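This report describes the structure shown below. It treats selected loop positions, the nonpolar cores, strand pairing and the pockets in turn.

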Amino acid sequence: MKSMLKLIAAAVIGAAALTACGGHYKAPEAVVVVQPEYKQTDTLVGTGTEAKAGTVVTIYDPVDAADSTILPQNKNILNKYTKDSQLVTVTYTGYLYDSSKADGKGAVVETSVPGESMFPEFPMQPFTLGAGKPLAGTTALIGFDQAVVGMKVGGKRTVVLPAILAYGPTAIAARTAKNDATKTFPAVPANSPLVYDITLVSVSMLPNIIPVTPPAVVTDLVPPTVGSGLEAVAGKYPQVRYTLYFYDGTRANLIGTQIQTNVSTDTSVKPFSFLLTTDVTKMQTIVGFNNAILGMKVGGKRTIIIPGKFAYGITGTTGIPPNTSLIYELELVGVTDTAPAA
């Protein structure tokens, strides 16, 4: 503690000396962009079909669902999906937010006119997006998708989007319109609030795809291959080759995007080794992984579904959201009495 105080004192004295000697030290100032509140104003109420967000269906672990003492936010979720989703088609004009203007509209930065979007991969007019939820693989703004909810076909709405609902920390360079070299658009600095005029052109329903709900317990996806070598038992150190995937209930084989793997022809990539145990408090891996290895024999292979409850639970981890079911392809390649050398 004394040494820490000495360091602090030295830093203060150093700063004072710098000032006394004529140094012009000035701490860098962060650029703060004042953000407006989200606001929507209907300038024309339509008379056609209303744009609605789909209904979110949540399926809880049956044990948690039956326990009234567990708060909803603490319950393990087996599945969550949206039904009755809509696609909406709009035309729009986007502006930099200008607090000095009554309507907040500054310079035009993009429109849905072909060749004038900020993103050349979406050059067509009108523009199609999800109602209340961005479509996968698009650059639709979060606030933009939310803003169309409640509009009716033929209606017009102006929305003010703080940066968090617009492009956030992403900066967009100044551009020239593809269809008119004399027409230019200013740059959009990082953390810029924006204003959009939106006209709702049409609404259509998306087909309901109800994904398969994962099991509530660790389950083999396909029959395992039984090995013939040493058995992995508590207290041993198994060596495992694995590939990890997201569980995807919309796919026929339920195997989603690959997350990571240690299966490699590179001999420097070692199998994963850990202390196998039946004591939850001493487990060095997620519960489902540990328990799936128990009883396997060297040479054996398993492809297992691990529900979120036995994976990273309601907290999740880096790259894996809360309540996420996982699929592991496992191969037991060795068992030792002690941890292998690093």
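## A buried aspartate in a loop

Asp 61 lies in the loop that links strand E2 (55-60) to helix H2 (62-65). The model is predicted, and the values given here are to be read accordingly. Asp 61 counts as buried, because its relative accessibility is 2%, under the 20% cut-off for that class. Once neighbours within four places in sequence are set aside, the contacts of Asp 61 are Asn 76, Leu 78, Ala 216 and Lys 309.

## The nonpolar cores

In soluble globular proteins, nonpolar side chains tend to be buried together. Here, the largest nonpolar core comprises 27 residues. Those with the most contacts inside this core are Val 90, Met 118, Phe 144, Tyr 167, Leu 194, Tyr 196 and Ile 198. At least two residues of the core come from each of the following elements: strand E4 (86-97), strand E6 (127-130), helix H3 (142-147), strand E7 (156-161) and strand E10 (194-205). A second core, separate from this one, has 20 residues and includes Tyr 242, Phe 274, Phe 289 and Val 335.

Val 90 illustrates the packing in the largest core. Apart from neighbours within four places in sequence, Val 90 is in contact with Pro 126, Phe 127, Leu 129, Phe 144 and Val 148. The same list of contacts for Val 90 also holds Ile 198, Thr 199, Leu 200 and Val 201.

## Strand E4 and its partners

Strand E4 is largely enclosed by the rest of the structure, because nine of its 12 residues are buried. E4 runs antiparallel to E10, and 11 bridges join the two strands. Within this pairing, Thr 93 has Asp 197 of E10 as its bridge partner.

E4 also pairs with E6, in the antiparallel sense, over four bridges. Here the bridge partner of Val 90 is Phe 127 in E6, and Phe 127 is also among the contacts of Val 90. An antiparallel pairing of four bridges joins E4 to strand E5 (residues 105-111) as well. In that pairing, Gly 94 stands opposite Glu 110 of E5.

## Leu 141, between E6 and H3

Leu 141 occupies the loop between E6 and H3. With a relative accessible area of 4%, Leu 141 is buried. Beyond its neighbours within four places in sequence, Leu 141 is in contact with Leu 161, Leu 165, Ala 166, Tyr 167 and Tyr 196. Of these contacts, Tyr 167 and Tyr 196 are listed among the residues with the most contacts inside the largest nonpolar core. The C-alpha atoms of Leu 141 and Ile 164 are separated by 9.4 Å, the two residues being 23 residues apart along the chain.

## Pockets

The largest pocket has a volume of about 910 Å³. It is lined by 34 residues, of which Lys 80, Tyr 81, Thr 82, Lys 133 and Thr 250 are the closest to its centre. Strand E3 (77-83) and strand E12 (237-247) are the elements that give two or more residues to this lining. E3 gives the most, with six residues. Sorted by class, the lining of the largest pocket holds 17 nonpolar, 13 polar and four charged residues.

The second largest pocket contains about 180 Å³ of space. Its lining has 14 residues, and those that lie nearest its centre are Lys 39, Ala 102, Asp 103, Gly 104 and Val 160. Two or more lining residues come from strand E1 (39-44) and from E7. E7 is also one of the elements that supply at least two residues to the largest nonpolar core. The lining of the second largest pocket has five nonpolar, four polar and five charged residues.

## Asparagines with positive phi

Asn 191 is not a glycine, yet its phi is positive, at about 60°. Asn 191 is found in the loop between strand E9 (184-185) and E10. Its relative accessible area of 35% makes Asn 191 partly exposed.

Asn 323 likewise has a positive phi, near 55°, in a residue other than glycine. Its place is in the loop between strand E15 (301-306) and strand E16 (326-336). Asn 323 is buried, because its relative accessible area is 18%, which falls under the 20% limit.

Notes. Residues numbered from 1 in each chain as written. Predicted model: local features only at pLDDT ≥ 70, side-chain atom pairs only at ≥ 80, totals over all residues. Heavy atoms only, no water. Core = buried A, V, L, I, M, F, W, Y, C linked by side-chain atoms within 4.5 Å. Buried < 20%, exposed > 50% of the residue type's maximum accessible area, 1.4 Å probe, protein only. Contact = heavy atoms within 4.5 Å. Pairing = 2+ DSSP bridges. 1 Å grid on protein atoms, 1.4 Å probe; cavity = no way out; pocket = protein on both sides within 12 Å on 5 of 7 lines; lining within 4 Å. Points joined across faces, edges and corners; volume = space filled by probe spheres on them. Nonpolar A, V, L, I, M, F, W, Y, C, P; charged D, E, K, R; others polar.
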